[in-house]
Amino acid sequence: MMTKYADKPVGPIELVPAERSQESVLANLLELYIHDFSQCRESEIGADGKFGYAELPLYWSDPDRTPFLVRTNGKLAGLVFVRRTQNASDGEIVWDMAEFFILRGYRGRGLGTHVAHEVWKHIPGRWQVRVMESNLPALTFWAHAVSTFLGEAVDPVRVERGGDCWQVFSFQSKPPA
Ligand SMILES: CC(C)(COP(=O)(O)OP(=O)(O)OC[C@H]1O[C@@H](n2cnc3c(N)ncnc32)[C@H](O)[C@@H]1OP(=O)(O)O)[C@@H](O)C(=O)NCCC(=O)NCCS
């Protein structure tokens with residue numbers, strides 16, 4: 001009988017800051033991520049067959065940005081980009097989950113929730129998570145990740161910008177006791 005992915009246990013999970021020497025690894029993962037998104041957000045692929053991610057080099061030159069790689073059992077499982085920016089609704093400076101991606105083969109096993117919680121535990125302060133309104137699975141995921149982290153649900157605020165509609169979760173994360 002075939003084992004469903006969801007039945008397979010997830011091994012040890014690592015969230016590690018990515019080195020500049022790993023830029024090409026992130027560029028490869030970003031291609032998969034953007035391709036996933038292209039179902040609900042218009043993304044035009046270049047003549048070279050790549051979507052590209054122009055801001056990637058900034059993740060090593062701008063101190064307000066940090067790139068992370070996610071591994072499980074020592075194997076690549078996703079990426080997380082964090083940045084310091086203005087809150088989408090009130091303009092306050094906050095931490096922002098700029099990009100968040102778990103590879104398809106590892107989904108549905110709690111990995112994304114675990115990784116999000118690790119990020120918030122290690123970077124205390126005011127946070128925002130912006131989710132495109134059309135990305136319904138991600139909306140359900142973030143509502144779950146935020147509520148299980150805080151122990152209570154947070155209602156997202158709707159923000160319209162540049163023709164896109166976002167739901168923005170805002171909350172405070174505290175350092176581990
Ligand atoms: C969204 C994403 C990060 C979820 O990662 P994951 O490891 O599969 O998430 P988890 O297993 O921790 O899911 C936790 C809960 O979130 C919800 N959830 C996760 N994926 C879901 C989906 N596709 N549809 C509906 N709910 C979903 C469920 O409530 C789930 O709990 P359950 O498994 O007990 O039902 C992953 O699907 C992904 O990388 N998607 C593409 C990129 C993306 O949309 N990133 C977010 C940008 S805002």
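Valine 159 has tryptophan 166 of S7 as its bridge partner, and this pair offers a way into the sheet of what is a predicted model. The two strands concerned, S6 and strand S7 (residues 164-173), run antiparallel to each other and are joined over five bridges. Strands of a sheet pair through backbone hydrogen bonds, in either a parallel or an antiparallel sense.

The sheet to which these strands belong is open and consists of seven strands, arranged in the order S1-S2-S3-S4-S5-S7-S6, with mixed pairing. At its edges lie strand S1 (13-17) and strand S6 (157-161), each of which pairs on one side only. When direction is ignored, neighbouring strands of this sheet are turned against each other by 30° on average. Helix H1 (residues 23-37) packs on the sheet, where it touches strand S2 (65-72), strand S3 (75-86) and S4, and the direction of H1 makes about 80° with that of S4.

From the edge formed by S1, the pairing can be followed inward strand by strand. S1 and S2 run antiparallel and are joined by five bridges, and here proline 17 stands opposite phenylalanine 68 in S2. S2 in turn pairs with S3, again in the antiparallel sense, over eight bridges, with arginine 71 standing opposite leucine 76 in S3. S2 and S3 form a hairpin that has two residues between the strands, and in this hairpin asparagine 73 takes a positive phi near 55°.

Beyond the sheet, the packing of H3 and H4 deserves attention. Two packed helices are described by the angle between their axes and by the distance between those axes. For H3 and H4 the angle is about 50° and the axes are 10 Å apart; because of that angle, H3 counts as oblique to H4. The crossing of the two helices is right-handed. On the H3 side the contact involves Gly112, Thr113, Ala116, His117 and Trp120, which meet Phe141, His144, Ala145, Thr148 and Phe149 in H4. Sorted by class, the residues of this contact divide into five nonpolar and five polar, with no charged residue among them.

The ligand brings helices and sheet together in one description, since strand S4 (93-102), helix H3 (111-122) and helix H4 (136-150) each supply at least two residues of the shell around it. The shell comprises 18 residues, and the closest to the ligand are Arg107, Gly112, Thr113, Pro137 and Thr140. H4 provides the largest share of the shell, with five residues. In terms of class, the shell around the ligand holds eight nonpolar, seven polar and three charged residues. Gly112 and Thr113, which are among the residues closest to the ligand, also belong to the H3 side of the contact with H4.

Key
Residues numbered from 1 in each chain as written. Predicted model: local features only at pLDDT ≥ 70, side-chain atom pairs only at ≥ 80, totals over all residues. Near = placed C-beta within 6 Å. Helix = DSSP H or I, 4+ residues; strand = E, 2+ residues; numbered from the N terminus. Nonpolar A, V, L, I, M, F, W, Y, C, P; charged D, E, K, R; others polar. Axes fitted to C-alpha atoms, helices over the stretch in contact; angles between N-to-C directions. Parallel < 35°, antiparallel > 145°, perpendicular 65-115°, else oblique. Left-handed = near helix turned anticlockwise from the far one by under 90°. Contact = placed C-beta atoms within 7 Å. Pairing = 2+ DSSP bridges.
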